[in-house]
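Visitor: I'm new to this one. Could you walk me through it and tell me what the words mean as we go?

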Amino acid sequence: MFNLSKKDLSLLILVAVLTLFAPFILNPFPAGSAMAQFNAGYPDLMQRFVIFGIFAIGFNILFGLTGYLSFGHAAFLGVGSYAAVWMFKLLSMNVIPAILLAVIVSGLFSLLIGFISLRRSGIYFSILTLAFAQMMFALAYSVLTPVTGGETGLQLALNDPRILGASQTPEGNIPVPGLFGLEMRDSADLVIGSWVFTFNVGYYFCALVLLASFYLSIRIFRSPFGMMLRAVKSNQQRMNYTGLNTRPYTLAAFVISGMYAGLAGGLMASMDPLAGAERMQWTASGEVVLMTILGGAGTLIGPVLGAGFIKYFENIFSKINDNVLHSWFSFLPDGLENAVVFIIHPFIGKGWHLTLGILFMLVVIFLPGGLVEGGQRIRGWLRSRKSKDNGSASHETNPAE
Amino acid sequence: MDAIILQILNGLDKGSAYALIALGLTLIFGTLGVVNFAHGALFMIGAFCAVTLNRILTLSYTIIDDTQKDFLGNPLKVDVPYVHGLFGQATGDAIIDWAVPLSLIFAIPVMILVGVVMERGLIKHFYKRPHADQILVTFGLAIVLQEVIKYFYGANPIPTPAPAAFKGSLDFGAMLGFDPNLIIYPYWRIIYFGFAAVIIGGVFAFLQFTTFGMVVRAGMADRETVGLLGINIDKRFTIMFGIAAAVAGLAGVMYTPINSPNYHMGMDFLVLSFVVVVVGGMGSLPGAVLAGFLLGVLESFASMREVIDIIPGINQIIIYLVAIIILLTRPRGLMGRKGVMED
Amino acid sequence: MSILEVKNVGKRFGGLQALSEVNLSVKENSVHAIIGPNGAGKSTLLNCLVGKLIPDTGSVMFDGQSVLGRAPYEINQMGISRVFQTPEIFGDLTVLENMLIPCFAKRDGAFELNALASVQSQKDILEKAEHMLEEMNMADKRHMHAAAMSRGDKRRLEIGMCLSQEPRLLLLDEPTAGMARADTNNTIDLLKQISDERDITIAIIEHDMHVVFSLANRITVLAQGTPLVEDDPENIRGNPKVREAYLGESA
């Protein structure tokens with residue numbers, strides 16, 4: 001089905017199940033209970049999961065396959081956001097043209113930047129992409145204010161033309177992004193007992209786009225093109241002496257991943273119609289690198305896991321404060337309780353970035369293949385234990401992914 | 001003419017900071033072959049050494065001074081620094097006033113220690129890993145260091161003044177025969193420039209005239225050959241890392257009066273310093289210094305009103321623009337050596 | 001009829017004249033060895049043939065067309081395949097994938113955005129690669145990571161990858177350097193077999209006289225960047241100039 005191997009198809013189904021049932025999976029605790037703070041089934045958080053998932057899937061096509069480490073990919077996401085918001089301002093509040101324009105514009109930008117940056121490789125490539133992204137950030141922040149809204153960002157206004165839509169709603173408000181009458185912010189609640197599950201139009205729209213993006217990335221990974229990209233990472237010299245021109249291959253990968261970033265940016269603007277320069281800053285580029293590495297660069301599902309993992313814990317960690325900690329450790333004697341809370345304190349709340357940095361270092365040091373490699377190791381360990389129990393050593397070797 | 005001199009002077013202090021950071025980055029890259037994204041964090045830690053010493057020196061106890069009254073007529077509470085008790089009031093105040101220069105002494109051992117621990121504890125294990133891994137792990141380290149500083153010192157910039165003797169400015173223009181007040185230049189910036197020149201000269205002399213430096217230079221040229229000679233190059237490289245850390249740290253200490261230190265200053269400078277290293281030529285020490293000053297001065301020229309009027313926003317992007325042009329026309333940078341990172 | 005014509009090629013690196021007035025003519029379907037002491041300019045000459053270096057003077061014609069100024073991948077597509085001194089293969093990929101890549105390059109050219117079809121659906125390419133692996137006696141290793149193989153196997157794979165492109169000229173740069181005797185002999189046999197069974201010209205740069213005299217039917221001796229003599233193996237053996245310049249040293 002879908003022209004995929006059995007293994008890839010099951011991966012796609014897994015992601016489909018995870019995303020489509022996310023409102024249930026992410027809300028395992030009844031509302032109002034003490035554990036409810038670990039719920040993550042809110043529309044805007046779930047939207048972030050999938051949008052950053054798309055961003056990371058695209059980044060992985062470049063970094064995971066070719067090994068070219070771009071430190072400026074957030075610029076394409078930012079460009080996509082701006083393009084989408086302009087479409088909302090000028091054309092209509094329908095998200096389709098906005099997202100299309102976002103993808104096209106970011107594709108053009110990545111074509112230009114990729115064409116120049118890919119003339120160098122290694123660290124030089126990283127620095128070039130970083131320089132371009134910082135340049136775009138600086139311009140968006142200052143000189144290009146008429147186009148980008150500068151420091152305040154680009155927002156919708158009541159007097160925007162919106163030639164195919166209405167400048168204002170009958171009530172005199174700014175209209176909201178939608179898809180042929182479905183508003184992105186619409187939600188339906190399902191109450192079962194004391195559980196509340198929220199189904200949001202915007203989330204499901206993003207989720208479907210994620211599935212399509214994921215499917216496309218599987219196809220690219222399994223295609224001759226994907227194999228060529230892995231060959232670029234492995235040995236460029238051999239590529240050249242095999243009659244292959246590596247530059248169009250890397251450029252195509254760069255543009256595809258730039259368009260994924262633009263798609264993510266367009267979706268972001270569709271969920272919340274504003275765009276700011278800070279989305280383009282190099283720290284934002286660093287974040288997508290983190291997601292991809294943490295999940296497992298070069299694997300199919302890794303970037304999705306990495307994005308979900310980081311965004312989930314970002315949300316949870318930011319919410320935990322000392323009071324929460326005290327309530328958790330209240331079973332300990334007072335002195336010990338205070339000591340434990342004191343030790344954990346720097347890592348929670350605003351300390352999330354510290355936790356993230358440490359986690360990231362640990363992953364790079366001990367688990368360069370990310371969560372996916374971790375999972376494989378655990379599986380391998382379990383299997384070897386099992387086979388030991390059975391008294392038979394089964395040496396099953398899978399061709400590594 | 002006067003405007004040009006002024007811009008050159010203005011560019012020198014930022015250029016000095018770029019040059020000092022880029023020098024350390026190049027030393028580390030040239031000797032250890034590691035691309036260190038945490039180098040900016042070392043600059044920042046240096047700056048916070050000054051903040052820390054300042055705080056230590058101004059540690060105070062409170063007394064109630066009956067001779068003074070506050071506006072309600074109650075006896076005034078006065079904070080008395082402990083150094084007053086140790087050295088007397090006049091000497092104590094002088095010590096506090098000179099906190100930034102004194103921090104240099106404090107920062108050297110701290111920075112060397114930080115550098116050596118970093119190299120032995122983390123970076124050593126990454127020599128044989130791909131450059132991408134080195135970038136990633138040092139990037140992670142930079143985040144951690146930055147967040148630790150933020151945790152202890154907060155997110156706001158902390159003003160750290162220069163000694164009173166160096167407040168005020170030099171009327172440089174008058175000395176050259178221009179009208180007074182055309183070219184004025186703060187004393188501390190002159191100090192910073194001179195300091196940078198001394199450090200840079202010191203590093204070069206050290207590499208040029210000592211046996212240690214000779215081995216390091218040989219190692220930069222060809223690590224394997226030096227290893228074959230049976231010289232314990234690893235130990236020397238650890239020390240080199242400590243020195244590079246100290247150079248970055250001292251640059252940070254002295255920069256505090258120019259820009260109040262904050263936790264993300266390291267990253268701000270790092271991105272630009274990388275650009276500087278690449279423009280100068282990966283692995284070339286003179287290139288790093290030259291490019292540092294060049295870009296500092298260029299940046300300052302680009303912020304002139306006359307230039308901005310012609311090309312708006314050029315001051316924001318000039319460094320990146322120059323870097324892109326240089327990388328594309330001279331792939332090895334201004335003074336890069338053949339065979340360094342040419343893959 | 002000669003397939004490769006090198007005329008008056010010179011190359012200078014700063015103060016060093018690496019090559020000067022090199023003339024060389026490789027006959028179609030011959031095995032032509034280029035020998036010479038270290039620093040004679042063998043590798044420089046080879047790099048000029050494959051587009052890595054551009055000579056300062058002279059011309060290099062392959063099958064009547066100039067190769068100068070073309071990128072390595074373009075020269076490869078003209079029909080020149082290169083085997084490196086240390087085997088250059090795709091270490092992170094499986095052996096089968098290693099073989100697939102040149103097959104795709106042969107069919108699709110320098111670049112083809114074939115991003116949606118799966119590799120498994122390209123039956124013609126798969127068949128060709130499998131066939132080539134069998135010919136190279138490595139079909140049983142097809143799912144192995146190429147980097148995990150022995151050096152001899154890597155060399156064999158690299159030669160197989162080059163052959164799968166059906167080149168007209170195969171250039172080998174010291175293909176047995178650093179190999180054990182047994183591996184060297186295997187490589188000699190393989191190359192002999194290739195030269196006998198295929199419509200192919202082989203040019204080989206080699207240090208090892210055993211390899212040269214087992215394989216070559218024409219030899220050019222290079223010394224100090226310029227050809228000393230070009231002749232049949234028997235005559236080379238007896239040539240006093242060659243003995244002096246090269247064999248004398250190593251004998």
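Guide: Sure, let's start where two chains meet: 32 residues of chain C are in contact with 26 residues of chain A. This is a predicted model, where local features need pLDDT of at least 70, side-chain atom pairs count only at pLDDT 80 or more, and totals for chains, interfaces and linings use all residues. Residues are numbered from 1 along each chain as its sequence is written, with chains lettered from A and ligands numbered from 1 in the order in which they are written.

Visitor: What makes two residues "in contact"?

Guide: Their C-beta atoms, placed from the backbone, lie within 7 Å.

Visitor: Which helix gives the most to the side of chain B that touches chain A?

Guide: That contact takes 32 residues from chain B and 35 from chain A. Helix 6 of chain B gives the most to chain B's side, with 14 residues. Helices here are DSSP runs (H or I, at least four residues), numbered from the N terminus.

Visitor: How do helix 12 and helix 15 of chain B pack?

Guide: Helix 12 (residues 265–280) and helix 15 (residues 314–329) of chain B pack at an angle of about 30 degrees, with their axes 10 Å apart. That makes helix 12 of chain B roughly parallel to helix 15 of chain B, because angles under 35 degrees count as roughly parallel.

Visitor: What makes a crossing left-handed?

Guide: The near helix is turned anticlockwise from the far one by less than a right angle. The crossing of helix 12 and helix 15 of chain B is left-handed.

Key. Axes are lines fitted to C-alpha atoms, for helices over the stretch in contact, and angles run from 0 to 180 degrees between N-to-C directions. Helices (H or I, at least four residues) and strands (E, at least two) are DSSP runs, numbered from the N terminus. Angles under 35 degrees count as roughly parallel, over 145 as roughly antiparallel, 65 to 115 as roughly perpendicular and the rest as oblique.
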